[in-house]
Each structure stands twice: as structure tokens, then as C-alpha cells.
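Thank you all for coming; I would like to walk you slowly through one structure today. Please have a look at the sequence and the model first, and then we can go through them together.

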Amino acid sequence: MKNRRPATRPARAAFIDPFAPREIRRLVAEFGSPLLIVDCERVRRQFRQLQQALPGVDLHYALKPLPHPAVVRTVLEEGGFLDLATTGEVELIARMGVDPALCIHTHPIKRDIDIRAALDRGVRVFVADNPDELRKFVPYADRAALLLRVSFRSPGAVSDLSRKFGCDPEQLLPLARRAHDLGLTVQGLSFHVGSQAPDPGKHVEAIEVCGKLLAAARRERLGPCDTLDIGGGFPIDYGTRAPEIGYFCAPLRTALAKLPKRVRVIAEPGRYIAGPSAIGVSSVMGRARREGRWWYYLDDGLYGSYSGQLFDHARYPLEALKRGGKREPAVLAGPTCDSIDVIAENLSLPLLDEGDLVVGRAMGAYTWASASEFNFFPRATVVSANLEPGDRGRVMSIDR
Ligand SMILES: *Cc1c(COP(=O)(O)O)cnc(C)c1O
């Protein structure tokens, strides 16, 4: 008893599990519903796991899946970098006072005002994939360096980003020659095989092809050609399990080890960092029994955080926070008056009342980011916890 602390002294600050039912209820009581709860401790865990799976690779968190200051800060504190794609994202990091040297701008198609906005903030590395885009950089040749994006089609990926962006591998050298002739700096190459890649095959193929192209471009002295950006696409668990990340990345490590030492390798993970790090929490607004099933109408739906079911083709593991009781066939629907706004059918849930909470797991990536305010139902409030020990949850404006 001698060493017992006085009762008034606060307990040592610790990390909490904001996904535990008790904490979820506390956060809803404090911040309302619907919520997107971001756990910065899980952001750290995801970052460290990927870093361990890809040693020596600089990880640029792609803001697109969850452009939130708490995630950005956590990634930077872990020694990470950032991948920006829009002027809005450039402004977000500028408001946060982030060192622009840690950022690259990877949208292959930009307006002059977008290029200038990023340059004015000090961002130097950009992506281009076609001759018209190269020409936009001529006025800024002394301030910008380019990664040329190569496309590797990947019909198996959830979203095949190589259909919309990137030049064919056969067009790469002509494009690099043109960049060189225009007086631009060819820093290296980039690719993105598509999000939630089913297996590492496309990454490996792309690394091998890009390795050869980098060597060829360097032989022709088309630029420093010393950076390879292997993009994102690292898969996470939803309803179905993804390969463990160390296992997924093993063939990538083998392929990367064959590159010359001078080549700096970077990656642009988005989903892998953000996805498992947040849950969606919504409340039952009302219910009705229709054709032998309970329909529960939630305050979040397909026009909100569950928009990822449409745009990202994701299916989030769903559960009612309430435990016990007999389970009955149930449907979860969103709040809007549109008939498409149904989150899941054929569920089996305990009988829910108005105000009961429903949790969607793995909802950090491409959820809240693509939510709208259709029917004037506001987007979920983003609450982050564990930004530092003792941080039990806070709302951080993304406009700040
Ligand atoms: C969307 C995107 C990413 C992130 O991809 P994930 O599959 O979420 O890891 C990275 N880079 C670029 C250029 C992107 O467009």
C-alpha cells in the first residue's frame, strides 16, 4: 500500500481499444451517430507490418482512401511519406505544415493550376504518362522531376487502375526520350497494378519489366532514372481473408533485390494502412417487419460510408453491438429514400431497437472518403483515438 498513488493523480496515459463495445458506446454518447472511428494505434500497426514486409522501401501513404489529418500525422510520426493526387490533398498537408519533401504528387493528369499549387507548396516529384502531360512541365523543368507511369493490366484486381492510367511498357522509352528532349528530369518509373490485388504476380511482373526499362533509359542517359515506385494494391481482410502481408510481399522482395543498389524503391499504400484502422458505427433510426424479415433503417448507408460497396466493390463484415437474444432474418438499409440504399440482406441479427448500434469492420478505406450527403443525411463524423497515449477520441476538422 505504501507505493499507492494518491487518488487524484491521473492513471498513466495508455492506448485504448476504441473498437471495444464499451468504447464504441462511449464515443457515440460523446460524438453522436453515425461515426467513423479511426484507431491511430492500428494505423501504426499496419504501417509497421508493411514496412517489415518491404524493408528498405519508403512508404508513401496515399491519402485518397482516407484523407484525414490523424492518419497523415500518424504515418509521418512512423517515419512514413505521403502520396498526394489532388490540390485538395496538397492544401490539407500545407495546412498541417507537412514538409513537402516528404510528398510526391501522383495524379497522371493535372491542370496547370494543380501543378503550380503543388510546386508552390514545395512538392517536386510528379507523375506523367503521356506526351501532352509532359509538355505541361516544360515551364517548370527546373523545379519538377517526373516519374513516368507504366501500365500493367490486371483484370483480377478489384479496380484495374492500369486501364485508366499509364503507358504501355513498349511506349515507355519513346516517352522518356521525349521528356529528356524537352529538358525534363526523368527521376524514374511508377506503376499501380490495381487495388486489393488478389496475388503478388502483377507486382512482380511490373517490378521486373520496370527494372529493365529503368536500365535501358539510364543507358540512353535519359535522366537519373534511380527511383521505382511500386504503387499500392496491398490487400486486406474483408469478409474473405487476404494473404498475410509478409507472405504476399515475399516475391516482391525477391524481385526488388535484383534491382541495382542505386535504385530507390518507394510504394504508395492506401487501403493497407487505412482499411483495417477504422470501423463504421451507425444507429437504428427505425424498423419495420416486411415479408418475414426485420428491416432496420440505419443513419448511414450506401450514400454515406457504405458507398464503398458501390464504388470499391467491398463488403464489410457487419455486426450488431447488442449481444445475445434470438437471431432473426434481417436486412440493414441506409437512411435515404432511394431503394438502392440497402446495405445487406440475408443477415441474422438479434432483435434491434431504435438507437441500437451496428458496426462495420475494415471501413477505413474508400468509405467515408466517397460518401455524399444525399437527402441531406450528413456524412459520418470522423473520430480518431490514440493519436498519442491517453487520447480517448477526438474530432479533428479536415479543414483545419
Ligand atoms: C489509389 C491509389 C493508391 C492507393 O492504392 P491502394 O490500393 O489503396 O493501396 C496509390 N497510388 C495511386 C496513384 C492511387 O491512385
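Before I name any residue, let me settle one term: a residue is called buried when its relative accessible area is under 20%, exposed when that area is over 50%, and partly exposed in between. Please also keep in mind that what you see is a predicted model.

With that term in hand, let us take arginine 394, whose relative accessible area is 25%, so that it falls into the partly exposed class. Its side chain meets that of glutamate 388 in a salt bridge, with 3.2 Å from N to O, and glutamate 388 is likewise partly exposed, at 35% relative accessibility. This pair does not stand by itself, for salt bridges that share partners join Arg73, Glu77, Glu388, Asp391 and Arg394 into one network. As a general point, side chains of opposite charge can pair when their charged atoms come close.

How many salt bridges does a search of the whole structure find? The search gives 28, and I will pick out two further ones. In one of them, the side chains of lysine 110 and glutamate 133 meet at 3.0 Å, N to O. Lysine 110 sits in the loop between strand S4 and helix H5, while glutamate 133 belongs to helix H6, so this salt bridge ties together parts that are 23 residues apart in sequence. Are these two residues buried or exposed? Lysine 110 is buried, at 4% relative accessible area, and glutamate 133 is buried as well, at 2%.

The other one is formed by arginine 287 and aspartate 353, whose side chains meet at 2.9 Å, again from N to O. Here distant parts of the chain are linked, since arginine 287 lies in strand S10 and aspartate 353 in the loop between strands S14 and S15, 66 residues apart. Arginine 287 counts as partly exposed, with 37% relative accessibility, and so does aspartate 353, with 39%.

Let me now turn to the ligand. There are 14 residues around it, and those that come nearest are Lys64, Ser195, Glu268, Arg271 and Tyr366. Sorted by class, this shell holds three nonpolar, six polar and five charged residues. Looking at individual atoms, we find an N or O atom in the side chain of serine 195 at 2.4 Å from an oxygen atom of the ligand, and a polar side-chain atom of histidine 192 at 2.9 Å from a ligand oxygen. Glutamate 268, in turn, places a polar side-chain atom 2.5 Å from a nitrogen atom of the ligand. Of the 390 Å² of accessible area that the ligand has on its own, the protein covers 93%.

Tyrosine 366, which I named among the nearest residues, deserves a second look. It lies in the loop between S15 and strand S16 and is buried, with a relative accessible area of 18%. Its phi is near 60°, which is a positive value in a residue other than glycine. Asparagine 375, found in the loop between S15 and S16, also has a positive phi, of about 65°, although it is not a glycine; this asparagine is partly exposed, at 34% relative accessibility.

Next comes helix H4, which spans residues 87–96 and in which Thr87, Glu89, Val90, Leu92 and Ile93 are buried. What covers these buried residues? The cover includes helix H3, strand S3, S4 and H5. Just after H4 follows glycine 97, with a positive phi of about 75°.

I would like to finish with two residues and their surroundings. Tryptophan 295, in strand S11, is buried, with a relative accessible area of 17%. Among the residues it touches are Arg287, Val331 and Val342, and from the C-alpha of tryptophan 295 to that of alanine 330 there are 5.9 Å in space, although the two are 35 residues apart in sequence. Glutamine 309 lies in helix H12 and is buried too, at 12% relative accessibility. The side chain of glutamine 309 reaches the backbone oxygen of isoleucine 343 at 3.0 Å, and the residues that glutamine 309 touches include Leu302, Ala314 and Tyr316.

Terms used: Residues numbered from 1 in each chain as written. Predicted model: local features only at pLDDT ≥ 70, side-chain atom pairs only at ≥ 80, totals over all residues. Heavy atoms only, no water. Salt bridge = Lys/Arg side-chain N within 4 Å of Asp/Glu carboxyl O. Helix = DSSP H or I, 4+ residues; strand = E, 2+ residues; numbered from the N terminus. Buried < 20%, exposed > 50% of the residue type's maximum accessible area, 1.4 Å probe, protein only. Near = heavy atom within 4 Å. Polar contact = N/O pair within 3.5 Å; in protein donor to acceptor, adjacent residues only side chain to side chain. Areas by Shrake-Rupley, 256 points an atom, 1.4 Å probe, with all protein chains shown as cover. Nonpolar A, V, L, I, M, F, W, Y, C, P; charged D, E, K, R; others polar. Contact = heavy atoms within 4.5 Å. Lists of a residue's contacts leave out its neighbours within four places in sequence.
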